[in-house]
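Let's take a walk through this fold, one piece at a time. Have the sequence and the 3D view open as you read.

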Amino acid sequence: MNIEKLTALALADTMLATDGSPESLVAACQRVFDAMLPWAPGVCVALVLRTGENFHYFSRHELADILLELLGRTHADFDDEDDDYDDDEDDDAPPFIELPEVRRYCLDQPIRPPKPEWLAALALPELPTVGDLSAWLNEPVGALRWFADQWRIARDEQSSLQHYHYRWVPKRSGGLRLIEIPKERLRRIQQKILHQILDLVPPHPAAHGFRRGHSCVTHAARHAGQHAVVRMDLKDFFPSIQHSRIHALFEKLGYPENVAGTLARICVNRAPHGLFRDRQLGGSLAWPERQALKSPHLPQGSPCSPALANLCAYRLDMRLDSLARSLGASYSRYADDLAFSGGEEFARAAGRFHIQVAAIALEEGFRVNTRKTRLMREGVRQQVTGIVVNSHPNVARDEYDKLKAMLTNCVRHGPESQNRENHPNFQAYLAGRISYVAMVNSGRAARLQRLLDDIVWRT
């Protein structure tokens with residue numbers, strides 16, 4: 001960053017602490033440079049015309065860029081010998097103005113614009129400074145900076161300086177997934193951010209994952225009894241959401257830049273390089289996946305990550321919902337699983353529909369895993385998040401039959417004969433399987449429950 005940009009930032013900081021009128025902006029110039037400059041009134045009037053009533057909604061960097069443009073800095077970098085440069089355009093360019101040295105810096109906080117109605121209705125905690133954030137989280141400012149500082153990171157994943165525990169788990173489709181579990185103190189901080197900020201912000205209605213009153217069943221039920229169902233999957237959903245998007249989200253929620261930055265850094269993580277040395281584990285990942293995990297991203301395992309992922313995907317949900325509605329179809333998303341369904345009009349367009357979805361996802365910063373894209377018409381089993389939806393939400397017949405056979409054999413031959421995977425609490429495991437069936441089809445679950453009650457358990 002050169003001296004001119006730093007000077008423009010100092011001027012922008014002082015201007016943002018005023019009411020934004022031309023007179024106060026001229027006074028800000030005089031305060032910063034300790035002199036009455038002849039160009040100040042014209043530049044300030046031009047700045048007011050450019051920003052209008054939205055003056056205080058501009059960030060310091062955006063305002064500094066506009067100031068540099070008004071001062072002729074965007075035209076000063078042209079090469080005089082460039083044949084493509086048009087001399088006629090040079091006549092309309094603002095004159096190049098030399099910036100004096102900064103004499104005073106502004107330490108006052110920028111004036112915050114009034115909140116829009118939708119944001120005021122959320123009644124989020126007021127945190128104008130990092131000190132207020134520190135008091136709200138009941139953590140010293142130094143400790144907060146330590147939790148938020150992701151740059152000085154130990155290369156060893158087992159270091160006591162790490163804020164996360166790490167575990168590799170296999171994916172059902174193959175490959176490995178990194179689970180990043182925050183340690184107790186950081187987890188407590190993240191839980192407070194979740195419960196008192198993020199839970200108050202509603203995601204898009206199409207989002208069914210990680211929400212109270214919603215589940216994989218409500219997600220699947222939207223697509224029952226349709227002519228065609230398209231199922232798609234977002235690749236590396238959590239790691240693809242980087243720090244800059246989280247920062248922008250907290251700024252959108254009305255928090256100042258430094259507070260939003262601190263909140264964002266508390267909620268993201270950078271995986272240490274040591275995790276990727278073993279070629280059987282992290283070293284087996286593709287290069288883009290490793291790079292995403294090494295850069296600040298949403299950690300899968302943090303309390304905040306599901307809510308933040310839903311909010312960051314709001315524009316994606318809005319655009320995909322509009323696309324589906326244009327064809328008379330329905331759309332819903334459960335974490336990284338996208339589902340679309342509709343009648344005959346949608347069925348005719350379904351063959352090429354996935355291309356438009358992939359393009360929108362790419363524009364919104366996500367990637368579709370094309371290998372998992374499925375088009376299911378009426379004549380085949382239509383399955384969404386493992387639930388059959390051809391006529392109504394139901395458990396797959398083969399899964400139900402296997403569970404029923406296992407319970408029947410437990411009644412006849414004892415539970416020890418069926419615990420082939422050596423579950424430490426086989427009774428709880430079977431009860432959990434039946435509870436899932438009950439969530440989808442209570443009638444079938446009642447029959448399974450009667451079999452479970454007939455099993456004789458050795459004490």
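To judge a helix by its length, take its expected span as 1.5 Å times one less than its number of residues. Keep in mind that what you are looking at is a predicted model.

**Two helices, end to end and side to side**

Start with helix H15, residues 314-326. With 13 residues at 1.5 Å a residue, H15 should span 18 Å, and its end C-alpha atoms are indeed 18 Å apart, so the two figures agree. Which residues of H15 are buried? They are Leu316, Asp317, Leu320, Asp321, Leu323 and Ala324. These residues cover an arc of only 160° around the axis, which puts them on the same side of H15. There's a simple pattern behind that sort of thing: an α-helix has 3.6 residues a turn, so residues three or four places apart point the same way. As for what covers the buried residues of H15, the list includes helix H14 (305-312), strand S4 (330-334), strand S5 and helix H16 (344-363). Just after H15 comes glycine 328, with a positive phi of about 70°.

Now give helix H18 (residues 426-440) the same treatment. Its 15 residues should span 21 Å at 1.5 Å a residue, and the end C-alpha atoms sit 22 Å apart, which agrees. Buried in H18 are Phe426, Leu430, Ile434, Val437 and Val440. Looking down the axis of H18, you'd find those buried residues within an arc of 115°, so they line one face of the helix. What do the buried residues of H18 pack against? Their partners are helix H10 (216-221), strand S8 (387-388), strand S9 (394-395), helix H17 (397-413) and helix H19 (442-453).

**A strand with two neighbours**

Next up is strand S3, residues 228-233. S3 is mostly covered, with five of its six residues buried. It pairs with strand S5 (residues 337-342) in the antiparallel sense, over six bridges. Within that pairing, aspartate 233 has aspartate 337 of S5 as its bridge partner. S3 is also joined to strand S6 (residues 374-377) by four bridges, and those two strands run antiparallel as well. Here alanine 228 stands opposite arginine 377 in S6.

**Rings against rings**

On to the aromatics: the structure holds 12 aromatic pairs. One of them joins tryptophan 168 and phenylalanine 276, whose ring centres are 6.2 Å apart with planes at 75°, so the pair is edge-to-face. Tryptophan 168 lies in strand S1 (residues 164-170) and phenylalanine 276 in the loop between helix H12 (257-267) and helix H13 (287-294), so this pair ties together parts that are 108 residues apart in sequence. Tryptophan 168 counts as buried at 16% relative accessibility, and phenylalanine 276 is buried too, with a relative accessible area of 9%.

Another pair brings together phenylalanine 340 and phenylalanine 353, with centres 4.9 Å apart and planes at 75°, so this one is edge-to-face as well. Phenylalanine 340 lies in strand S5 and phenylalanine 353 in helix H16, so the parts tied together are 13 residues apart in sequence. Phenylalanine 340 is buried with a relative accessible area of 0%, and phenylalanine 353 counts as buried at 0% relative accessibility. Elsewhere, ring pairs link Phe210, Phe237, Phe238 and Phe366 into a cluster.

**Cysteines**

How many disulfides are there? With sulfur atoms required to be within 2.5 Å, the count comes to zero. Take cysteine 312: its sulfur is 10 Å from the closest cysteine sulfur, in cysteine 267, which is too far for a bond. Cysteine 312 is buried, with a relative accessible area of 12%. Cysteine 216 counts as buried at 12% relative accessibility.

**Positive phi outside glycine**

Most residues other than glycine have a negative phi. Two residues go the other way:

| Residue | Phi | Place | Relative accessibility |
|---|---|---|---|
| Alanine 335 | near 60° | loop between S4 and S5 | 10%, buried |
| Asparagine 422 | near 55° | loop between H17 and H18 | 63%, exposed |

So alanine 335 has its positive phi while counting as buried, whereas asparagine 422 has its own in an exposed spot.

Notes
Residues are numbered from 1 along each chain as its sequence is written. This is a predicted model: local features need pLDDT of at least 70, side-chain atom pairs count only at pLDDT 80 or more; totals for chains, interfaces and linings use all residues. Side-chain values use heavy atoms; hydrogens and water are left out. Buried means under 20% relative accessible area, exposed over 50%, partly exposed in between (1.4 Å probe, protein chains only). Two strands pair if DSSP finds at least two bridges between them. The arc is that of the directions from the helix axis to the C-beta atoms. Contact means heavy atoms within 4.5 Å. Rings of Phe, Tyr and Trp (its six-membered ring) pair if their centres lie within 6.5 Å; planes under 30 degrees apart count as stacked, over 60 as edge-to-face and the rest as tilted.
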